Amino acid sequence: MNQIRAVIVGAGAISENHLKAMQVSSRTELLAVADLDQQRLDRCAAAYSVRTYRDYKAMIRQERPDVVVITLPHFLHKEAVIWCAEQGCHVLVEKPMAMNVQECREMNEAAARNGVILAVGHMQHYFPSMIRAREILRSGRLGKVIMMNDRRWCNYFHPDRPAWFLERAKSGGGIVVNLGSHSLDKLQWLTDSRVDKVKASLTYYGDRGDVEGSANLFLETTEGVAASVSLCGYGQLYLNETEFLLTGGQLKLLGSDQLRIYDGHSGEYEAVDTSDLPETFTAQWEDMLNAVQHSSELGISAEYGQSITAVVEAIYRSHATGREQAVTN
Ligand SMILES: NC(=O)c1ccc[n+]([C@@H]2O[C@H](COP(=O)([O-])OP(=O)(O)OC[C@H]3O[C@@H](n4cnc5c(N)ncnc54)[C@H](O)[C@@H]3O)[C@@H](O)[C@H]2O)c1
């Protein structure tokens, strides 16, 4: 398999990042895109010279791709992933993997039954800042990780957000599902552990939809790392900062692209150079291609995707019961 034949299902906001990554890949033949929205299809056809379809099943029957990238609203992930797996296609589905853990299980079973790879687009694993942060944490040079403090504030209910994100029945939830999954991912991926306990307090004051707009989370991992996560989306000043405190220093992630280190001696944070590392979506797509062509281990397996959805589910359970919850996969 010299060239991987690929298609995309869903031509919305995030599809653009995947299309660009495929376009620059010499190992990829980008065939077609499916969406219900004709204007979006026309834009893709003009920008990427792809064939377009309104019906993704017709596209896959006609094009017979090796890999399908699914960038649909959350409530459609399960059905689309299982159907594509049954056609023998490898799948990269956007995060969050699905609406709940039961759906993730069914998707993982379908992938195993059909012998295909299922990946979940936790693309932060390929942020240059995250790759370097993981190297530093794993090297042990800053000692043992004690805690993570994460703050993500924004206007979650901004007018440009597609309506389905704010309907619980279609999105599975609000700021927790959507932005919180990135915070949970940072905690699990960078500390090489899994969240196993959660205490959560949410609010529902958004002026659109029926999803939560804030969450205060206290989490603990299997390695004994404690984390506090503050998510607030009622038009706050934008903030996206994560600090890891260790026995011998500190790391700070700022937004998607900056990393700072305090080594316990210098008296202040210093910038860490990440300029040698590749662009995020290109690196994610290369990882997917390596898994398909060379059976290499994926940084974004669907077992991992399920572990994030399991924490999200425990967060909603904790808010509903007012009690700490164990995470169950
Ligand atoms: N990794 C990230 O940082 C990141 C960022 C944004 C979005 N996402 C994820 O990507 C996914 C898509 O989000 P988005 O922001 O692109 O949403 P979006 O609403 O912009 O795009 C979704 C597209 O799916 C199309 N669609 C809906 N039903 C369809 C169907 N039955 N067949 C074909 N097309 C259909 C819609 O017309 C729309 O164009 C979600 O899982 C979201 O959480 C991830």
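**View 1. Where the two domains touch.** In this predicted model, 16 residues of domain 1 are in contact with 19 residues of domain 2, contact meaning heavy atoms within 4.5 Å. Domain 1 covers 4–123 + 281–298 and domain 2 covers 125–277 + 308–326, with bounds from an automatic or database domain assignment. Their centres, taken over C-alpha atoms, are 26 Å apart.

**View 2. The shell around the ligand.** Here you can find the 23 residues that surround the ligand, each with a heavy atom within 4 Å of it. The closest are Asp 35, Arg 40, His 74, Lys 95 and Trp 164. Sorted by class, the shell holds 12 nonpolar, 7 polar and 4 charged residues, with Gly counted as polar. Domain 1 and domain 2 each supply at least three residues of this shell.

**View 3. Polar atoms at the ligand.** Let's zoom in on pairs of N or O atoms within 3.5 Å. The side chain of Arg 40 places an N or O atom 2.5 Å from an oxygen atom of the ligand. For the side chain of Asp 35, the corresponding distance to a ligand oxygen atom is 2.6 Å. Ile 14 takes part through a backbone N or O atom, 3.0 Å from an oxygen atom of the ligand. The protein buries 85% of the 850 Å² that the ligand exposes when taken alone (Shrake-Rupley method, 1.4 Å probe).

**Notes.** Residues are numbered from 1 along each chain as its sequence is written. Local features need pLDDT of at least 70, side-chain atom pairs count only at pLDDT 80 or more, totals for chains, interfaces and linings use all residues, and side-chain values use heavy atoms, leaving out hydrogens and water.

Notes: A polar contact is a pair of N or O atoms within 3.5 Å; within protein, one must be able to donate a hydrogen and the other to accept it, and residues adjacent in sequence count only if both atoms are side-chain atoms.
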